[in-house]
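Q: I'm new to this one and would love a close look at a single part of it. Could you take me through it slowly?

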Amino acid sequence: MNTDEKYLHLLSNIFPTVADASREIINLEAILNLPKGTEHFLADIHGEYEAFRHVLKNASGNIKRKVSEIFGNTIRESEKKELCTLIYYPEQKLELIKTNEDDLDDWYRITIHQLVRVCRDVSSKYTRSKVRKSLPAEFSYIIEELLHESTDDQNKAAYVAVIVDTIISTGRADDFIVAISNVIQQLVIDQLHILGDIYDRGPGAHIIMDTLEKYHSWDIQWGNHDILWMGACAGNDACICNVLRLSLRYANLTTLEEGYGINLVPLATFALEVYGDDPCEEFMPKLLKEDSRMDEKTLQLTAKMHKAISVIQFKEEARIFHRRPEWQMEDRCLLEHVDYAKHTCNVDGHDYAMKSCCFPTIDPNDPSALTPEEDDLMKKLHHSFRVSEKLRKHIRSILSHGCMYNVCNQNLLFHASVPLNDDGTLKEVEILGKTYAGRELMEFTGQLIRAAFENDTPAETKAFAKDYFLYLWCGKDSPLFDKSKMATFERYFLEDKTTYHEEKGNYFKLRDSQEVCDRILDAFGVKGETRHIINGHVPVHAGSGENPIKAGGRLMVIDGGFSEAYHKETGIAGYTLVYHSRGFQLVQHEPFTSERDAVIRGTDIKSTTQIVEMSTHRMLVADTDKGAELRSQIADLKDLLYAYRHGIIKEKRT
């Protein structure tokens with residue numbers, strides 16, 4: 001028996017008769033002709049959990065648009081706004097309405113009918129089977145009946161009215177409204193793509209991860225800040241230091257302490273003991289407006305902790321750079337280039353004056369050596385990261401839903417870059433004695449990342465993989481960094497700002513070229529006239545007129561600055577790229593105030609939609625990767641039918 005026949009025998013176990021196989025072919029052929037599901041692309045969320053959750057709830061303004069289309073001029077704008085807010089935040093909005101509404105039953109009746117109309121519209125592009133799977137068990141039958149029966153049908157009007165009245169009379173109206181609102185939120189986004197950087201800067205990366213773990217369909221292309229936390233979870237002490245330093249730099253300890261239970265008391269105690277008399281002026285945290293109430297004592301403690309962990313970070317990094325000389329990063333061991341008597345540091349052959357030179361834990365003869373107190377502190381911090389079950393759980397989710405890149409529906413997704421030579425060709429990068437470029441580089445990098453977490457990885461490979469997280473964070477040829485250097489030391493300690501310059505890699509210099517983008521797309525096997533690269537990583541300065549659409553439409557850069565730390569720099573508060581059955585739309589967001597404002601005042605993220613590219617025809621499932629998969633299944637089922645009808649395989653009738 002050949003392989004094809006063996007496969008057909010296995011397939012016959014699932015579809016044991018001609019009728020079963022035929023029914024499935026009919027079903028799959030019908031699905032091919034449904035409209036393409038809506039994909040949402042987000043990048044560089046950086047812990048801004050309220051804005052992130054609101055964008056998911058309002059589907060980047062898509063729910064508001066649908067409500068306007070459905071109800072037109074039949075209800076007032078204020079009523080549309082109230083309905084949208086109810087869909088976004090049903091539990092909170094219901095509490096508010098019940099305190100103000102005089103005739104609650106009448107409000108329930110009107111609102112439930114409105115919600116059913118919205119739900120019917122957003123579910124229209126899916127099969128009944130898929131919609132059914134999205135329904136909560138307790139209301140599955142009721143919602144399905146309401147979606148497929150209309151009050152316009154006089155024969156069914158009374159039937160529908162009785163269902164709604166019974167929901168109200170049995171006291172289930174609140175639960176039903178919450179359930180159907182959640183269904184609307186789920187159906188309006190078919191697939192969510194996160195192009196990296198969930199972590200750092202903002203206060204709620206752990207809340208974002210909690211949200212994603214409950215989300216129906218999502219994937220992530222790992223970003224440099226995600227890799228840093230993955231490295232910390234894997235036990236890379238330099239990554240642990242970087243995670244702590246960035247958190248202290250932005251006075252954001254919520255994710256560490258409340259999210260993951262990281263104990264920072266040993267660091268605070270150490271910082272006060274060692275840097276108690278040091279003003280640590282260069283290490284004062286960058287305060288965002290919600291942190292403006294931080295008192296002077298807390299500011300001083302934060303700055304001392306910030307300096308303490310930064311100095312340890314430079315030591316831990318140097319130890320790895322010396323251990324991995326093939327990375328050619330030993331020039332970044334700048335503590336070894338400081339003249340502690342003259343208060344200067346030699347960078348690239350030039351001596352530069354230092355802002356301060358207070359290093360009580362540095363031995364000038366061995367600058368990278370940890371003091372016994374620093375070593376003890378790092379053991380405690382290492383243990384705290386390694387035993388955090390919630391951190392491990394979230395990193396497992398990132399691993400299971402993620403990779404370095406993704407190709408989906410003629411779109412190549414990755415966070416930052418593909419290393420290139422000066423002429424725009426793919427750059428070969430050496431890892432463990434072998435060279436990789438383009439797709440192979442991304443895939444091997446992904447394998448190394450996973451190897452750091454696998455129990456059966458050989459010890460030598462696992463040790464390298466754990467170290468490699470640091471290279472991915474700040475290495476010159478890292479596809480997640482791709483700059484000449486990370487000038488962290490210079491920014492903290494050197495007066496001359498010219499030393500802060502980080503030369504961008506060739507990808508960032510050449511990505512405006514359609515020829516270069518096409519070469520990358522070819523290397524990753526992305527075909528089609530409407531293929532694209534979609535990136536995040538580098539904030540687009542929309543306020544200064546920078547266009548996120550580059551290379552004649554081949555490249556879309558969707559880091560618009562979700563993080564509040566970037567709002568002044570970018571002039572906006574993030575992008576969402578929406579890819580629906582009629583084409584691409586880029587949604588530009590203004591800053592989100594709060595969930596409380598959204599519930600009480602009906603405020604929404606003010607968004608501007610830019611049409612990027614519209615299709616000449618409405619795209620169907622048949623035009624997508626899923627369509628290609630379904631056509632392959634149909635071909636297999638037709639082969640099974642042939643086998644049944646020609647006696648090659650016998651039907652399994654019961």
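How many bridges join E13 to strand E14, and do the two run parallel or antiparallel?

A: Two bridges join E13 to E14 (residues 555–557), and the two strands run antiparallel. One contact you can look up is Lys550, whose bridge partner in E14 is Leu555. Before we go on, this is a predicted model, where local features need pLDDT of at least 70, side-chain atom pairs count only at pLDDT 80 or more, and totals for chains, interfaces and linings use all residues. Numbering starts from 1 along each chain as its sequence is written, and side-chain values use heavy atoms, leaving out hydrogens and water. Strands here are DSSP runs of E with at least two residues, and helices are runs of H or I with at least four, numbered from the N terminus. Two strands pair if DSSP finds at least two bridges between them.

Now step back from that pair. E13 and E14 belong to an open sheet of five strands, and reading across you get E8-E9-E12-E14-E13, with mixed pairing. Strand E8 (405–408) and strand E13 (549–550) stand at the edges with a single partner strand each, so one side of each has no neighbour in the sheet. For E13, the partner is the E14 we started with.

For contrast, have a look at another open sheet, this one of three strands in the order E4-E5-E6, with antiparallel pairing. Its edge strands are E4 and strand E6 (350–353), each pairing on one side only. Just ahead of E4 there's a loop between helix H17 (296–323) and E4 (338–339), and Asp331 lies in that loop.

Carry on into the sheet itself, and you'll find E4 joined to strand E5 (residues 344–347) over two bridges, in the antiparallel sense. Asp339 stands opposite Thr344 in E5. The E4 and E5 hairpin has four residues between its strands, and His343 takes a positive phi near 60° there.

Thr344 also turns up on the E6 side, where its bridge partner is Ala353. E5 and E6 pair antiparallel as well, over four bridges. They make a hairpin with two residues between them, and Asp348 in the turn has a positive phi of about 55°.
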